[in-house]
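Biologist: Please take one part of this model and look at it closely, with each term explained as you come to it. I would like to follow how charged side chains are placed and paired.

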Amino acid sequence: KPGFPDMILPVPNKDYHGLFIELKYGRNKPTPEQEQWLDRLSEQGYLAVAAWGAEEAIEVIKEYLGME
């Protein structure tokens with residue numbers, strides 16, 4: 001589907017049902033479709049975020065999994 005996040009971690013933690021990450025690079029911004037998906041997923045109890053680059057995505061994943 002247009003705008004669906006790039007990465008999915010279907011593992012619940014104490015706060016969320018799972019994790020969705022939309023990967024961005026440089027000055028790119030999420031499209032309206034991507035923002036809608038992230039909002040809808042957040043409303044359903046998932047952590048759904050945009051991350052700029054691999055480093056930020058790794059940090060989000062580590063924090064989500066309690067590795068920080």
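Modeller: Lys62 counts as partly exposed because its relative accessibility is 29%, where buried means under 20% relative accessible area, exposed over 50%, and partly exposed in between, with a 1.4 Å probe and protein chains only. Before going further, please note that this is a predicted model, in which local features need pLDDT of at least 70 and side-chain atom pairs count only at pLDDT 80 or more, while totals for chains, interfaces and linings use all residues. Residues are numbered from 1 along each chain as its sequence is written, and side-chain values use heavy atoms, with hydrogens and water left out.

The partner of Lys62 is Glu59, and their side chains meet in a salt bridge at 4.0 Å from N to O, the term meaning a side-chain nitrogen of Lys or Arg within 4 Å of a carboxyl oxygen of Asp or Glu. Glu59 is also partly exposed, because its relative accessibility is 34%. The two residues lie three apart in helix 2 (residues 53-64), so about one helical turn separates Lys62 from Glu59; helices (H or I, at least four residues) and strands (E, at least two) are DSSP runs numbered from the N terminus. In general, side chains of opposite charge can pair when their charged atoms come close. The structure holds one salt bridge.

Lys24 offers another case to consider, for this residue of strand 2 (residues 19-24) is buried and yet has no salt bridge. The nearest side chain of opposite charge is that of Glu22, 4.0 Å away, with Lys and Arg counted as positive, Asp and Glu as negative, and His and the chain ends not counted. What the side chain of Lys24 does have is a polar contact of 3.1 Å with the side chain of Gln34, that is, a pair of N or O atoms within 3.5 Å, of which, within protein, one must be able to donate a hydrogen and the other to accept it, residues adjacent in sequence counting only if both atoms are side-chain atoms. Leaving aside residues up to four places away in sequence, Lys24 touches several others, among them Lys29, Pro30, Ala50 and Trp52, where contact means heavy atoms within 4.5 Å.

Tyr25 lies in the loop between strand 2 and helix 1 (32-43), and Tyr25 counts as exposed because its relative accessibility is 67%.
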